[in-house]
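Hi everyone, thanks for coming. I'll take a few minutes to walk you through a structure that's new to most of us, so have a look at the screen first.

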Amino acid sequence: MSEGPSKALSPSVLEKIEVEALKYPVRRAAVKSALRYAQAEQGWVNDDVVRAVAQVLNLEPIEVFEVATFYDMFYTQPVGRHPIRVCTNVSCLLRGAGGVVDALCKTLAVGVGETSADGRFTILEAECLGACGGAPMMSVGNDYHENLEPEKLESILEQYK
Ligand code: FES
């Protein structure tokens, strides 16, 4: 017997998805919002979430998976409570993003793509996050931190428990 979507998605997330789906002429248009709600609650988009979102929006799981893997703001592997996305695109790279990545890795004692031992942070590289004027920059969860210098990183990380 197959699991219903409520097994992978909470009633609250299901309700949000339904509200979102009503905004569009086709239910599939709500797929990014559905993934965003599910990820906000569960931390990442696992296979059960993909299947549940597909069922709720009348899609094939592969169609949901394609969206989840196309946008790098969706995490299809477990991440720390506060994913760090360091922009390593041109503007940030020219203004020292490499040093920021190195300092983060050293401070957290992990490599890019890895999660700190305390489960707080995962370091990820990202393409342009649209804040080139504040290069080099990174996001921590939904927060942007700009004009980074390696020496500033520890005090920034201390804000996140
Ligand atoms: S290049 Fe880094 S935010 Fe645009």
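Right, before anything else: what you're looking at is a predicted model. Keep that in mind as we go.

Let's start with the overall picture. How many helices and strands does the protein have? There are eight helices, together with four strands. If you read along the sequence, the pattern goes α-α-α-α-α-β-α-α-β-β-β-α. So you get a run of five helices before S1 turns up, and the chain ends on a helix.

As for dimensions, the C-alpha trace spans about 50 × 30 × 25 Å along its principal axes. Of the 161 residues, 43% are buried. The exposed surface comes to about 9000 Å², with 52% of that supplied by carbon and sulfur atoms. And if you take the contacts with a separation of 6 or more, 58% of them involve residues 24 or more positions apart in the sequence.

A quick word on charge. We have 15 positive side chains and 22 negative ones. The centres of those two sets lie 4 Å apart.

Now, the sheet. In which order do the strands sit? The order is S2-S1-S3-S4, in an open sheet with mixed pairing. S2 and S4, which is residues 143–145, are at the edges with a single partner strand each, so each of them has one side without a neighbour in the sheet. From one strand to the next, the twist averages 25 degrees.

Let's zoom in on one pair. S1, residues 82–87, runs parallel to S2, and the two are paired over six bridges. If you want a spot to find on screen, look for Pro 83, which stands opposite Thr 122 in S2. Then there's a helix to add to this view: H7 lies across S1, S2 and S3. The angle between H7 and S1 is about 155 degrees.

Next, the backbone oddities, my favourite part. A bit of background: most residues other than glycine have a negative phi, and most peptide bonds are trans. With that in mind, here are some spots to look at.

Take the peptide bond from Ala 135 to Pro 136: cis or trans? That one is cis, with omega near -5 degrees. Pro 136 itself is in the loop between S2, residues 121–126, and S3, residues 138–140.

Then there's Asn 58, which isn't a glycine but has a positive phi, near 60 degrees. You'll find Asn 58 in the loop between H4, residues 47–56, and H5, residues 61–70. Is Asn 58 buried or exposed? Its relative accessibility is 61%, so Asn 58 counts as exposed.

Ala 109 is another non-glycine residue with a positive phi, about 55 degrees here. Ala 109 sits in the loop between H7, residues 97–108, and S2. With a relative accessibility of 68%, Ala 109 counts as exposed too.

Last stop: Gln 39, in helix H3, which covers residues 31–42. The relative accessible area of Gln 39 is 12%, so this one is buried. And which residues does Gln 39 touch, leaving aside its neighbours within four places in sequence? Those contacts are Trp 44, Val 45, Met 73, Phe 74 and Tyr 75.

That's my tour. Happy to go back to any of those spots on screen.

Terms used
Residues numbered from 1 in each chain as written. Predicted model: local features only at pLDDT ≥ 70, side-chain atom pairs only at ≥ 80, totals over all residues. Heavy atoms only, no water. Buried < 20%, exposed > 50% of the residue type's maximum accessible area, 1.4 Å probe, protein only. Contact = heavy atoms within 4.5 Å. Areas by Shrake-Rupley, 256 points an atom, 1.4 Å probe, with all protein chains shown as cover. Lys, Arg positive; Asp, Glu negative; His and termini not counted. Charge placed at Lys NZ, Arg CZ, Asp CG, Glu CD. Pairing = 2+ DSSP bridges. Axes fitted to C-alpha atoms, helices over the stretch in contact; angles between N-to-C directions.
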